[in-house]
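User: Please take a close look at one helix in this model and what surrounds it. I would like the packing spelled out, residue by residue where possible.

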Amino acid sequence: MSNERPFKELSENLEGSLCRPQRTKWKRRPSCSGGLDTENTPNELIQQWSPPHKKFLTSAKGKENEENVFVLARPPRKRRESSAGLCWDSLPDELLLGILSRLSLQDLLRTSRVCKRWNRLAFDESLWHSVDLVGKAQLDAELGQVLSAGALRLRCPHTCIAQPSFKSAQKLRVQHLDLSSCTVETSVLEDILSRCKHLQNLSLEGLVLSESIIHSLAQNTEIVRLNLCGCSGFSPDSLAEMLKSCTRIEEMNVSWCDFNNLHVQAIANNVPSSITQLNISGYRQNLTMEDVKAILNRCPNLTNLDLSDSVLVTTDSFPVLQQLSSLRHLALSRCYQIHPASLIDFEKFLNLQTLGVFGLIQDSYLPILCKGLPHIQINTQPFSTVARPTLATRKDRTLWGMHKNQRLKLLQSV
């Protein structure tokens with residue numbers, strides 16, 4: 001019954017307050033010494049239903065603590081965050097880099113716009129080993145961002161390249177670069193290549209070069225594969241200096257360049273002995289038999305040689321070619337000084353695997369020649385593969401035989 005009394009008093013007080021006239025003016029009661037007036041306040045009910053107050057332990061034992069009483073209290077526990085409420089900022093860089101490595105190049109560039117930290121992580125060198133920009137018609141600032149991010153492999157052939165706008169004068173880490181048939185100003189190309197010091201594979205097929213560019217290439221002494229097919233704009237002297245500096249070249253394609261006989265002589269007299277694959281086709285009357293003999297004497301380890309479209313090459317070169325014990329692939333297409341009947345002499349080349357003689361024999365005579373040279377495949381490779389980054393017969397996007405990895409993605413418009 002003791003619990004019913006406070007509810008009854010509270011109900012009566014509420015009813016009484018609701019039944020009073022609205023115009024009645026209430027007089028302010030004087031405050032009691034004990035605080036608020038207890039007439040309309042259910043103190044007993046509040047005390048009964050209120051949670052118990054925390055009792056702090058006090059300690060005043062000992063004479064030294066008679067005047068200074070201290071309180072023992074436990075600090076509040078930190079509220080544990082649920083797994084669903086974890087903040088991205090709390091993740092370490094290593095974990096975020098692992099997540100970003102799973103993204104495509106397009107999504108990676110988008111995440112770089114989220115915040116400063118994500119921008120720094122998105123352009124971490126570990127995420128930019130290999131980049132494929134095939135299909136990107138126009139490259140402006142993107143090229144500078146990709147190269148500055150530390151890309152080791154970059155492939156962007158047949159692309160219109162504007163000013164890449166590098167933010168600093170830092171050297172680039174790129175080692176494998178394919179700029180074949182790009183539309184680019186010579187000054188832009190000079191700026192890019194002047195920052196490269198560690199190139200190993202380079203393709204500038206079909207581009208207009210300069211003396212400065214050839215000088216920059218001479219600084220890359222680790223070049224292994226060099227494709228200058230169809231290039232122009234530099235002198236024989238600069239070409240000779242580059243060949244003297246780059247002594248590790250194994251594959252070189254200098255076919256169909258805007259060369260005269262002095263350029264050809266510069267190659268013949270300075271080509272590194274490390275060369276194993278050489279394409280020096282397309283020089284008509286500028287490549288003489290003396291040049292051919294000089295090249296073969298300097299490069300005894302040749303396995304692939306293309307002398308096509310050189311009308312001054314004759315059968316006198318056969319004995320010198322036969323001395324190349326490592327020769328596997330030979331192209332003499334449209335060397336019109338070589339008589340078709342003399343091709344049967346290649347039966348002496350026991351290690352030769354392929355022979356290109358397009359334009360020298362008629363199609364009706366080809367089966368007869370194939371029968372006389374059963375160990376050689378004749379006219380099976382219409383295109384040269386020397387130093388080219390991607391084989392014309394392959395549909396995958398390999399880069400000088402290196403398969404694409406997780407970061408080798410196609411960049412679409414962002």
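Analyst: What follows starts with the whole chain, turns to helix H7, and then follows the packing outward.

This is a predicted model. The chain holds 13 helices and 16 strands. Of its 414 residues, 40% are buried. Among contacts with a separation of 6 or more, 62% join residues 24 or more positions apart. The chain exposes about 24,800 Å², and carbon and sulfur atoms supply 51% of that area.

Now the helix. H7 spans residues 186-193. Which of its residues are buried? They are Val188, Leu189, Ile192 and Leu193. These residues lie on the same side of H7, because their arc around the axis is only 125 degrees. The general background is simple: an α-helix has 3.6 residues a turn, so residues three or four places apart point the same way.

What does that side pack against? The buried residues of H7 meet two helices, H6 (141-148) and H8 (211-218). They also pack against strands E6 (160-161), E7, E8 (183-184) and E9 (201-203).

Take strand E7 next. E7 covers residues 176-178, and His176 is found in it. Is His176 buried or exposed? His176 counts as buried because its relative accessibility is 7%, under the 20% cut-off. Its side chain has a polar partner: the side chain of Asn201, at 2.7 Å. Beyond four places in sequence, His176 touches Leu152, Arg153, Leu154, Gln200, Asn201, Leu399, Trp400 and Met402.

Back to H7 and its residue Leu193. Leu193 belongs to the largest nonpolar core, which has 98 residues. Leu193, Leu204, Leu209, Met242 and Phe346 touch the most other members of that core. As a general tendency, nonpolar side chains in soluble globular proteins are buried together.

Phe346 leads to another part of the chain. Leaving out residues up to four places away in sequence, Phe346 touches Phe318, Leu330, Leu332, Leu352, Leu355, Leu373, His375 and Ile376.

Follow Leu330 from that list. Leu330 lies in strand E14, residues 329-331. Leu330 is buried, with a relative accessible area of 2%. Apart from neighbours within four places, Leu330 is in contact with Leu305, Leu321, Phe346, Leu352, Thr354, Leu355 and Gly356. Thr303 is 27 residues from Leu330 along the chain, yet their C-alpha atoms are separated by 8.3 Å.

Terms used:
Residues numbered from 1 in each chain as written. Predicted model: local features only at pLDDT ≥ 70, side-chain atom pairs only at ≥ 80, totals over all residues. Heavy atoms only, no water. Helix = DSSP H or I, 4+ residues; strand = E, 2+ residues; numbered from the N terminus. Buried < 20%, exposed > 50% of the residue type's maximum accessible area, 1.4 Å probe, protein only. Polar contact = N/O pair within 3.5 Å; in protein donor to acceptor, adjacent residues only side chain to side chain. Contact = heavy atoms within 4.5 Å. Core = buried A, V, L, I, M, F, W, Y, C linked by side-chain atoms within 4.5 Å. Arc of directions from axis to C-beta. Areas by Shrake-Rupley, 256 points an atom, 1.4 Å probe, with all protein chains shown as cover.
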